[in-house]
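Trainee: Could we go through this model together? I should like to begin with the overall fold and then turn to the packing.

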Amino acid sequence: TACGKGGEWQKTLRLLSELSQHKLESNVFIYDAAISACEKGGAWEMALQLFATMPQRDIESDKITFNAVISACEKAGEWIKTLRLFTAMAQKRVESDVITWSAAISACGKAGEWKTALWLFSAMAPSKLSASTITLNAAISACEQGGEWEKALQLVIMMAETKVEYSTITFNAAISVCEKGCEWE
């Protein structure tokens with residue numbers, strides 16, 4: 001939404017409130033937009049609150065809803081909440097995608113939970129989703145947080161073998177983890 005892109009999540013919430021005042025029905029698309037606006041505005045707690053009210057209004061969450069609230073928690077460093085939402089998504093049989101997995105891996109990596117991040121990365125393979133540059137960068141960054149330079153370099157090699165594009169983030173994280181591990185040659 002325009003409010004979400006402009007970082008004005010409060011306006012989005014006012015519009016949502018006005019819907020109720022005028023006795024107009026909300027739907028999943030409206031909630032997706034509101035939660036996405038909160039995510040973009042760094043209002044992760046409000047995103048969670050909106051997400052929690054959806055069942056009370058008989059609105060089923062979808063992949064977009066979950067991705068937005070998971071990303072909001074990931075950006076806030078709320079890795080446990082991120083994993084709970086990731087699990088809830090699977091329990092509700094809402095199909096995950098690369099965005100979902102990348103956010104969960106990133107949340108764990110940022111929290112220093114590199115083992116969990118790498119476990120998630122390995123668990124992604126059976127889902128038949130192809131890891132993206134963002135997913136691999138999140139896993140490499142998790143290795144960086146844990147000082148796991150060998151695992152990070154294995155992931156860089158995997159990128160080359162699977163023809164996933166490198167980015168500046170890839171090289172920065174790989175160089176940083178090697179520097180931290182004193183394995184620079």
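Trainee: How many helices and strands does the protein chain have?
Mentor: The protein chain has 11 helices and 0 strands. Please keep in mind that this is a predicted model.

Trainee: What share of the residues is buried?
Mentor: Of the 185 residues in the protein chain, 44% are buried.

Trainee: And how much of the contact set links residues 24 or more positions apart?
Mentor: Among contacts with a separation of 6 or more, 59% join residues that lie 24 or more positions apart.

Trainee: Turning to the interior, which residues have the most contacts inside the largest nonpolar core?
Mentor: They are Ile-105, Leu-120, Ile-140 and Leu-155, in a core of 27 residues. The elements giving two or more residues to this core are α6 (79-91), α7 (98-110), α8 (114-124), α9 (133-146), α10 (149-161) and α11 (168-180). Apart from it there is another core, of 24 residues, which includes Ala-43, Val-69, Ala-72 and Cys-73.

Trainee: Which residues does Leu-155 touch?
Mentor: Leaving aside residues up to four places away in sequence, Leu-155 touches Leu-118, Phe-121, Leu-136, Ala-139, Ile-140 and Cys-143.

Trainee: Now to helix pairs. At what angle do α6 and α7 pack?
Mentor: The angle is about 150°, and the axes are 8 Å apart. Angles over 145 degrees count as roughly antiparallel, and α6 and α7 are therefore roughly antiparallel to each other. Their crossing is left-handed.

Trainee: Which residues make that contact between α6 and α7?
Mentor: From α6 come Trp-79, Thr-82, Leu-83, Phe-86 and Met-89, while α7 supplies Thr-100, Trp-101, Ala-103, Ala-104, Ala-107 and Cys-108. By class, this contact of α6 with α7 has 9 nonpolar, 2 polar and no charged residues.

Trainee: What about α3 and α5: how are their axes placed?
Mentor: The axes of α3 (residues 28-40) and α5 (residues 63-75) come within 9 Å and cross at roughly 15°. Angles under 35 degrees count as roughly parallel, so α3 and α5 are roughly parallel to each other. The crossing of α3 and α5 is left-handed.

Trainee: Which residues meet there, in α3 and in α5?
Mentor: Val-28, Asp-32, Ile-35, Ser-36 and Glu-39 of α3 meet Ile-64, Thr-65, Ala-68, Val-69, Ser-71, Ala-72 and Lys-75 of α5. The contact of α3 with α5 divides into 6 nonpolar, 3 polar and 3 charged residues. Val-69 and Ala-72, listed here in α5, are also among the residues of the 24-residue core.

Notes: Residues are numbered from 1 along each chain as its sequence is written. This is a predicted model: local features need pLDDT of at least 70, side-chain atom pairs count only at pLDDT 80 or more; totals for chains, interfaces and linings use all residues. Side-chain values use heavy atoms; hydrogens and water are left out. A nonpolar core is a set of buried Ala, Val, Leu, Ile, Met, Phe, Trp, Tyr and Cys residues joined through side-chain atoms within 4.5 Å. Buried means under 20% relative accessible area, exposed over 50%, partly exposed in between (1.4 Å probe, protein chains only). Helices (H or I, at least four residues) and strands (E, at least two) are DSSP runs, numbered from the N terminus. Contact means heavy atoms within 4.5 Å. Axes are lines fitted to C-alpha atoms, for helices over the stretch in contact, and angles run from 0 to 180 degrees between N-to-C directions. Angles under 35 degrees count as roughly parallel, over 145 as roughly antiparallel, 65 to 115 as roughly perpendicular and the rest as oblique. A crossing is left-handed if the near helix is turned anticlockwise from the far one by less than a right angle, and right-handed if clockwise. Ala, Val, Leu, Ile, Met, Phe, Trp, Tyr, Cys and Pro count as nonpolar, Asp, Glu, Lys and Arg as charged, and the others, Gly among them, as polar.
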